[in-house]
Amino acid sequence: MMAVLSAVFAVSACGRQDNRTVITVWSWEPSMRAEARDFELANPDIRVDIKATSGYDNLNSAIQDGYNMPDVVQLEYFALPQYAVSGQLRDITDQTQGYGDNYTPGTWSSVHMNGRVYGVPMDSGPMAFFYNDDVFRQAGVDASQIHTWNDYYEAAKKLKAIGVYIAADAGDASFYNAMIWLNGGRPFHTTGDGKTVTVDLADDAGTQGFTAFWQKMIDEDLINTQLNTWSDGWKNALATGSVASVFTGAWMPSLLLSDVPGSAGLWRVASMPTADGSATNSENGGSALSVLNLSRKPEAAMRFIRYVCLDRSGIAKRVDGGAFPADKATLNSPRFLNKTTVRDSRGIDVPYFGGQQFNRVLSRAAENVSVGYQYLPFEVYARSDFRATLGQSYKWTNAERSLLKVENRIRLGQTNQDGSPLNLPQDPGPKVSLVDGMALWQKDIKEYGTNQGFTVQ
């Protein structure tokens, strides 16, 4: 009898064999598993296997090895051209006719190369000015009236007078590129065939304009250059008010709540100050979903992408989880615009921005993103190289150099336990200027591009 029952169960199991098409999705989006479950309910012929990833090393290894590759991959806008120009992404121009009307100009332009479409926008990161209103008012500054870089500079001096830095920047490539874009800079150009790259950091007016402004802020010690963004020290500085604001993408609200919960109610959001006060903007972050060229299930992959990036319920799930939308329908919806709270990990809505309808500011920020900025077709490398080149310009501040000299005077004449002279740390010498660091970065970028087979000008 047991043998018969076993045979019956075996036949039954065979009858329930899963014949669904399986697609693999690589993504770091927290809500993606929930997206997959809901998609499968509406599309019972497809099963979605989600793999949580971060960075691009695993993707590069999979492409190089030629196996275990995803069908759908989440790519930041700055990384997408690198994979498109190397032929790794499927051209989905014919499958996305009319999609552009759904998205903000900045995000839709970011999934194009040479007039072809290689991804569908999923979220965005228009730049915005997040600030601790309580700290600014202690310094006698109404931050909502900061519209130009000179306004920002004058506010920074007032904050420094009460022992507060207006911002922290220890050398962040994504921030620097976004500020160049904001200032109208266009230092990178790639020809339509993706073979010739122009790198013009040294002479591009927008690049040089921001570099000169930021150099002044650093030279006058108005920027904390020792705190790396997202480090524990950086989060603590925001929490204590010793750093009073952040220029970053519109995805920041949920991260502020997570990283600096004790400041709830004190923070506000404003539009980015610009050199001349004009209402222009840039992107910092945001991503798209793309189909890898070697996927054997492109139709199923595109059905999933449409659900996540175009379906109202798919978009709402991500936005409710803290993602900032790329589609105009959500950005202009009353539910989104009238929001005054940020939802925390417990599902509790917190009035983090003191009752401000912050999404109204962020929606305008998305509308004002200028188009025409081009990323390098090897942007992932360029950003990783930033820290070793231009990032050296942040290494030593005048305050640090002075402190080092004081410490050396105190320790002068001291000896080690064995009586040998104490080795004193040496003065690092003149700090590398941002202009000099920019020259090093440009040199490395050009050498790398040439070694990768591009014609670099």
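**Helix H9 and its surroundings in a predicted model**

Colleague: What span should helix H9 have at 1.5 Å a residue, and how far apart are its end C-alpha atoms?

Modeller: In this predicted model, helix H9 covers residues 205-219, which is 15 residues. At 1.5 Å a residue the expected span is 21 Å, because the rise is multiplied by one less than the number of residues. The end C-alpha atoms agree with that expectation, as they are separated by 21 Å.

Colleague: Which residue caps the N-terminal end of H9, and what takes a positive phi just after the helix?

Modeller: At the N-terminal end, a side-chain oxygen lies 3.4 Å from the backbone nitrogen of glycine 206, and the residue that supplies this oxygen is aspartate 204. Just after H9, a positive phi of about 55 degrees is found at aspartate 221. The cap is therefore within the 3.5 Å limit for a polar contact, and the two residues asked for are aspartate 204 and aspartate 221.

Colleague: Against which elements do the buried residues of H9 pack?

Modeller: The buried residues of the helix are Gly206, Thr207, Phe210, Thr211, Phe213, Trp214, Gln215, Met217 and Ile218. They pack against helix H7 (149-161), helix H8 (173-182), strand S10 (223-224) and helix H19 (434-451).

Colleague: Is glutamine 215 buried or exposed, and which backbone nitrogen does its side chain reach?

Modeller: Glutamine 215 is found in helix H9. Its relative accessible area is 16%, and the cut-off for a buried residue is under 20%, so glutamine 215 counts as buried. Beyond its close sequence neighbours, glutamine 215 touches Ser433, Leu434 and Val435. At 2.8 Å, its side chain reaches the backbone nitrogen of leucine 434.

Colleague: How does glutamine 97 stand, buried or exposed?

Modeller: Glutamine 97 is found in the loop between helix H4 (80-85) and helix H5 (105-110). A polar atom of its side chain lies 3.0 Å from the backbone oxygen of threonine 93. Its relative accessible area is 56%, and the cut-off is over 50%, so glutamine 97 is classed as exposed.

Colleague: Which residues have the most contacts inside the largest nonpolar core?

Modeller: Two separate cores can be described, beginning with the largest, which has 102 residues. A second core, of 31 residues, includes Ala128, Trp234, Leu331 and Tyr352. Inside the largest core, the residues with the most contacts are Phe129, Phe136, Tyr152, Ile166, Trp214 and Met217.

Colleague: Which residues of H9 does tyrosine 152 touch?

Modeller: Residues up to four places away in sequence are not counted here. Among the residues that tyrosine 152 touches are Phe129, Ile166, Ser245, Phe247 and Pro273. Its contacts also include three that are listed as buried in H9, namely Phe213, Trp214 and Met217.

Colleague: Which residue stands opposite glycine 249 in strand S11?

Modeller: Strand S11 (residues 245-249) is mostly covered, with 5 of its 5 residues buried. It runs antiparallel to strand S6 (residues 120-132), and 5 bridges join the two. The residue opposite glycine 249 is methionine 127.

Colleague: How many residues of helix H16 are buried?

Modeller: Helix H16 (residues 358-367) is mostly covered. Its cover includes S6, helix H11 (252-259), strand S12 (267-270), helix H14 (328-331), helix H15 (334-337) and strand S14 (342-343). The buried residues are Phe358, Asn359, Val361, Leu362, Ser363, Ala365 and Ala366. Of the 10 residues in H16, the number buried is 7.

Colleague: Which strands stand at the edges of the open sheet of 3 strands?

Modeller: The order of the sheet is S8-S9-S16, with mixed pairing. Each edge strand has a single partner strand, so one side of each is left without a neighbour in the sheet; these are strand S8 (188-190) and strand S16 (455-456).

Colleague: Is tryptophan 230 buried or partly exposed?

Modeller: Tryptophan 230 lies in the loop between S10 and helix H10 (232-240). Its phi is near 80 degrees, a positive value in a residue other than glycine. With a relative accessible area of 35%, between the cut-offs of 20% and 50%, tryptophan 230 is therefore partly exposed.

Colleague: What share of the residues in the protein is buried?

Modeller: The protein has 19 helices and 16 strands. Its 457 residues include a buried share of 50%.

Technical notes: Residues numbered from 1 in each chain as written. Predicted model: local features only at pLDDT ≥ 70, side-chain atom pairs only at ≥ 80, totals over all residues. Heavy atoms only, no water. Helix = DSSP H or I, 4+ residues; strand = E, 2+ residues; numbered from the N terminus. Buried < 20%, exposed > 50% of the residue type's maximum accessible area, 1.4 Å probe, protein only. Contact = heavy atoms within 4.5 Å. Polar contact = N/O pair within 3.5 Å; in protein donor to acceptor, adjacent residues only side chain to side chain. Core = buried A, V, L, I, M, F, W, Y, C linked by side-chain atoms within 4.5 Å. Pairing = 2+ DSSP bridges.
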